[in-house]
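Trainee: I am new to this structure and would like a close look at one part of it. Could you walk me through how its helices pack together?

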Amino acid sequence: MSTKIEICNNVLSRFGQVPNVENIDNPRNEEERVFARFYDKVCKKAILKYKPSCCERRLLLSQDPAYVPTWGYTSGYKYPNTILQVLEVEGDKWEHEKYPVENGYILTDIPLGTIDAPADSLKVRVLAYLNATEFDEAFCDLLEMELAKVVIYSLIKDAQERANIMAILKIDSYDFANKESDESGVEVINGSNLFGISWSNRK
């Protein structure tokens, strides 16, 4: 369990620098400004890439009786903006055709009272963007490396020093934060620039 400040400082330590990040919500120095720029974006993409179990949540979404889809579906269930990806709906693997996500709602054409849940609720399993204190140790380690891949270009100006650090940390020049391609075909529902990335096991 770590805070986002500890994660940022751990990245600096990996670079052999003094960990001097104290607040990235109101940055006061260059290091804090760099992490403020990249932390949220890289963290969200890392959650989608690795799908850590610590970021999975089971929720009951409430139906919004004031929201009625114009056509094709009968009900809309409002989802929190912390949801990055829907994995299951009512115990079934999420499918866009069956449960499309539009305008901040998951739509259904299931008549009320026929789902195995309260009539005004929808059971979902999701990947959520959480506070860093809820991440497990393994995911914190992965997130530090993903951050390192991105911020090293802003924080390590000398090309040779940067190359040496990248060789030691075994990281390449892949700009994780700016990748905007959909490799998995999985729809992500929170943010037009966030895309599902195929899962890989941590060895």
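Mentor: Happy to; here is a tour of the helix packing, taken one helix pair at a time. Please keep in mind that this is a predicted model.

Let's start with helix α2, residues 30–50, and helix α3, residues 137–155, whose axes lie 9 Å apart and pack at an angle of about 135°. An angle from 35 up to 65 degrees, or from 115 up to 145, counts as oblique, and α2 and α3 are therefore oblique to each other. Their crossing is right-handed. On the α2 side, the residues in contact include Val34, Phe35, Phe38, Tyr39, Val42 and Ile47, and among their partners in α3 are Phe139, Leu142, Leu143, Leu147, Val150 and Val151. Sorted by type, the residues of this contact are 16 nonpolar, 1 polar and 5 charged.

Now look at α3 by itself. Helix α3 has a kink of about 40° centred on Lys149, and Lys149 is also one of the residues that meet α2. Most of α3 is covered, with 15 of its 19 residues buried.

Finally, turn to the other partner of α2, helix α1, which spans residues 4–14. The axes of α1 and α2 come within 11 Å and cross at roughly 115°, and this crossing is right-handed. Here Lys4, Ile7, Cys8, Val11 and Leu12 of α1 touch Glu31, Phe35 and Tyr39 of α2. That contact is made up of 6 nonpolar and 2 charged residues, with no polar ones. Glu31, Phe35 and Tyr39 are worth finding on your screen, as they meet α1 and also take part in the contact with α3.

Conventions:
Residues are numbered from 1 along each chain as its sequence is written. This is a predicted model: local features need pLDDT of at least 70, side-chain atom pairs count only at pLDDT 80 or more; totals for chains, interfaces and linings use all residues. Side-chain values use heavy atoms; hydrogens and water are left out. Axes are lines fitted to C-alpha atoms, for helices over the stretch in contact, and angles run from 0 to 180 degrees between N-to-C directions. Helices (H or I, at least four residues) and strands (E, at least two) are DSSP runs, numbered from the N terminus. A crossing is left-handed if the near helix is turned anticlockwise from the far one by less than a right angle, and right-handed if clockwise. Contact means heavy atoms within 4.5 Å. Ala, Val, Leu, Ile, Met, Phe, Trp, Tyr, Cys and Pro count as nonpolar, Asp, Glu, Lys and Arg as charged, and the others, Gly among them, as polar. The bend at a residue is the angle between axes fitted to the seven residues ending there and the seven starting there. Buried means under 20% relative accessible area, exposed over 50%, partly exposed in between (1.4 Å probe, protein chains only).
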